[in-house]
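Dear colleague,

Please find below the structure I am handing over to you, with its sequence. My findings follow directly after it.

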Amino acid sequence: MKEQRPLVEDIQNYAQNIVDTVREPLLILDATLRVRSANRAFYQTFQVSSGETEGRLIYELGNGQWDIPDLRTLLEDIVPKSSVFNDFELVHTFPAIGRRVMLLNARKLQAGQHGELLVLAMEDVTERRRVEADLEAIETYAQNIVDTVREPLLILDATLRVRSANRTFYQTFHVSSGETEGRLIYELGNGQWDIPDLRTLLEDIVPKSSVFDDFELVHTFPAIGRRVMLLNARKLQAGQHGELLVLAMEDVTERRRVEEEVEKAKDAAEAANRAKSAFLANMSHEIRTPMNAILGFSQLMLRDKNISPQQTQYLGTINRSGEHLLALINDILEMSKIEAGRTTLDPTTFDLPALIEDLVMMFRVRTDEKKLSFSAEMIGDVPRYIVTDINKLRQVFINLLGNAVKFTERGGISLRVRADRDAATGPCLRIDIEDTGSGISPDEQGKLFQYFEQTKTGQKKGTGTGLGLAISREFVRLMGGDITVNSHVGKGSVFAIHMPLKEGEAQEVQRKEKTRQVLGFQSGQAKCRVLIVDDQEDNRQLLAQILGPVGFEIRLAIDGEQAVKEFREWRPHLILMDSRMPVMDGHDAIRRIRDAADGKDLKIIAVSASALNEDRQVLIGIGADDFIAKPIQESELFQKIHTHLGVKYVYAEEPAAAATQEAADLTSESLAGLPQDLIQSMREAVITADLDQLLAKIQEVEAGAPRIAQELRRLAEGFQYQKLLDLLKTGGDLH
């Protein structure tokens with residue numbers, strides 16, 4: 001027995017050392033629930049000594065602080081029925097260490113002579129429970145956010161099973177959480193979610209990227225029918241939950257429907273625009289083709305020195321009427337190009353004061369006739385040379401000044417130009433056109449710049465198309481500016497043009513050459529063969545009559561097929577090729593000629609009644625060297641032939657010089673013998689710019705004074721109205 005006692009003690013010491021090594025607090029109780037022993041972790045955790053612990057009833061520890069109902073339940077009710085019990089949670093405020101959450105494990109052990117012992121192991125999970133509570137609060141917070149989102153959301157685990165969904169998902173797809181959570185996404189809706197495109201997203205795309213947006217899914221879902229959904233996917237690390245996949249869905253069915261309708265409407269509008277453009281282009285072609293003959297032949301006849309003055313007057317009327325009709329056609333085509341966004345700028349450097357002077361001369365006669373004052377001034381430091389599209393700017397001036405004269409009966413019109421180099425948006429040119437006319441009411445100002453709209457005053461005047469102001473504003477906007485109006489009924493209006501100011505240099509100004517009549521070739525030049533191709537007999541004859549008398553050798557062809565044949569047989573130096581013809585049009589003919597081995601160097605000038613720039617570009621693109629629009633301007637035709645063939649011409653004396661020389665012989669004394677009422681009638685015709693009436697009155701002069709009539713007619717046809725006014729006023733005063 002003496003030998004066994006040390007062995008037992010050794011075993012007890014060995015067991016106690018193990019107990020003391022355990023990091024969790026341990027209590028060993030006897031059958032009466034008195035503390036037999038405790039480990040070092042217990043004493044350290046609860047800040048007590050062995051003397052305060054061992055031999056005491058567990059409920060007496062800490063001055064009775066361990067007399068805890070839940071602990072009694074464990075030790076007196078649960079443990080006696082089972083030798084083992086784990087994870088009994090005890091929440092209590094202990095002496096010295098405060099409130100703790102402890103997990104208790106209990107084990108009954110047989111300890112030989114010590115009888116039955118109860119080992120009570122305690123784990124302080126206070127911090128764990130706090131973290132778990134925080135996590136639960138965060139998850140609740142996150143779920144509340146998810147439920148607040150208006151888009152359906154699904155949260156999937158790594159196996160693509162639904163971890164949770166938000167309220168919107170359940171409402172949108174008419175399902176419950178029981179039908180959703182824990183299921184493989186493809187199983188939802190009895191397999192209705194087994195969608196190939198969805199598999200592509202989840203199994204092919206998302207694994208390669210943690211983020212994916214705007215994946216479009218079109219599918220017919222149970223209960224809600226066909227839908228177009230945009231899916232966003234995000235991979236998230238969710239701590240103990242592992243990797244989760246958030247799938248956000250946006251129903252864009254209605255948006256796509258609207259977009260499709262808008263696209264259809266856009267296509268329809270574009271088709272309508274194309275149809276309108278085609279119609280206008282065809283209309284332009286059909287009108288310009290006969291206009292080419294009308295204007296061309298009337299100009300040729302005006303050269304004939306054998307026609308009578310009355311015939312000259314008639315031909316002049318035909319010419320002016322044709323040009324007026326052409327201007328109307330151009331306005332309508334310009335409107336169409338503006339609407340289609342095809343209007344382009346052709347900026348050049350020009351002399352601004354010279355342009356203003358031309359405008360003053362143009363409108364002075366009309367303002368004098370109505371006894372209106374008319375002033376034009378450049379205020380401050382306005383540059384002489386500027387860069388912009390002079391043709392469009394001139395048209396804007398003419399439209400605005402024309403309206404000012406038309407609607408002003410008393411007072412006057414002023415044109416003011418100033419430069420603002422310190423404007424916030426950069427150097428700016430400001431142009432004001434002010435009148436003392438009838439003014440425009442506020443309710444009508446809104447439609448001033450709309451197509452085909454006229455004010456009541458304009459309707460009463462009975463003239464105009466309602467296009468001028470609309471086109472003017474579009475032109476100015478194209479140049480980077482705008483037009484505004486300030487008007488008061490009964491007081492007048494101010495139209496203000498604001499546009500960017502870009503200064504130019506004098507050497508960049510393009511000088512306009514005076515138009516001169518071509519009589520023939522300069523000596524020493526070889527004959528030049530020109531093939532004229534046009535399906536219209538009038539147009540062929542017109543070009544032949546213009547070019548033949550000058551010395552060009554001419555052949556005619558009625559379509560592209562005949563043109564190709566003449567090219568092979570005659571080898572012309574130049575072909576004037578109409579674009580639209582039956583059998584074979586100009587496009588195909590140009591291509592065939594250019595494809596020929598000897599057709600590369602031939603000069604081809606396309607001739608077309610189309611006014612659309614796109615048509616010109618197409619013709620140049622397929623091989624034409626240049627382009628001339630119908631009605632053909634004789635000076636332009638000769639200039640282009642000179643450019644491409646190098647032909648040099650002999651010119652007639654310049655008309656302006658001839659008129660000036662002969663008019664110099666016309667004095668006030670020359671008119672002294674004319675009747676006063678005839679002089680007054682001619683003066684009124686000059687003031688109103690009524691050229692037809694003026695030529696008719698000059699016809700009356702011819703009966704008694706043919707030389708005077710001839711010189712007056714030259715002045716009238718040269719638009720030298722100021723010279724005529726001076727002569728007619730002086731002549732009248734002599735009586």
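Helix 11 comprises 18 residues and reaches 26 Å from its first C-alpha to its last, close to the 26 Å expected at 1.5 Å a residue. Please note that the model is a predicted one. Helix 11 nevertheless carries a kink of about 40°, centred on Phe363. Phe363 is itself buried, and the other buried residues of helix 11 are Leu352, Leu355, Ile356, Leu359, Val360, Val365 and Thr367. As general background, an α-helix has 3.6 residues a turn, so residues three or four places apart point the same way.

Helix 11 also takes part in the largest nonpolar core. This core holds 37 residues, and those with the most contacts inside it are Leu352, Phe397 and Leu429. At least two residues each come from helix 11 (352–369), helix 12 (390–406), strand 14 (412–420), strand 15 (428–435), helix 15 (468–478) and strand 17 (492–500). The greatest share is that of helix 12, which supplies eight residues. As for Leu429, once its neighbours within four places in sequence are left aside, its contacts are Leu352, Val382, Ile386, Val417, Arg418, Ile497, His498, Met499, Pro500 and Leu501.

A separate topic is the sheet formed by strands 6 to 10. This open sheet has five strands in the order 7-6-10-9-8, with antiparallel pairing. Strand 7 (162–165) and strand 8 (211–221) are its edge strands, each pairing on one side only. On average, neighbouring strands of the sheet are turned by 25° against each other, direction ignored. Within the sheet, strand 9 (residues 225–237) and strand 10 (residues 243–251) are joined in the antiparallel sense over nine bridges, and Arg234 stands opposite Val246 in strand 10. Helix 8 (residues 196–205) lies across strand 6 (153–156), strand 8, strand 9 and strand 10, and runs at about 155° to strand 8.

Two backbone conformations should also be brought to your attention. Leu33 has a positive phi of about 70° although it is not a glycine; this residue lies in the loop between strand 1 (26–29) and strand 2 (35–38). Val583, likewise not a glycine, has a positive phi near 65°, and its place is in the loop between strand 21 (574–578) and helix 18 (586–595). Are these two residues buried or exposed? Leu33 counts as buried because its relative accessibility is 14%, under the 20% cut-off. Val583 counts as exposed because its relative accessibility is 65%, over the 50% cut-off.

With kind regards

Note on methods. Residues are numbered from 1 along each chain as its sequence is written. This is a predicted model: local features need pLDDT of at least 70, side-chain atom pairs count only at pLDDT 80 or more; totals for chains, interfaces and linings use all residues. Side-chain values use heavy atoms; hydrogens and water are left out. Two strands pair if DSSP finds at least two bridges between them. Helices (H or I, at least four residues) and strands (E, at least two) are DSSP runs, numbered from the N terminus. Axes are lines fitted to C-alpha atoms, for helices over the stretch in contact, and angles run from 0 to 180 degrees between N-to-C directions. Contact means heavy atoms within 4.5 Å. A nonpolar core is a set of buried Ala, Val, Leu, Ile, Met, Phe, Trp, Tyr and Cys residues joined through side-chain atoms within 4.5 Å. Buried means under 20% relative accessible area, exposed over 50%, partly exposed in between (1.4 Å probe, protein chains only). The expected span of a helix is 1.5 Å times one less than its number of residues. The bend at a residue is the angle between axes fitted to the seven residues ending there and the seven starting there.
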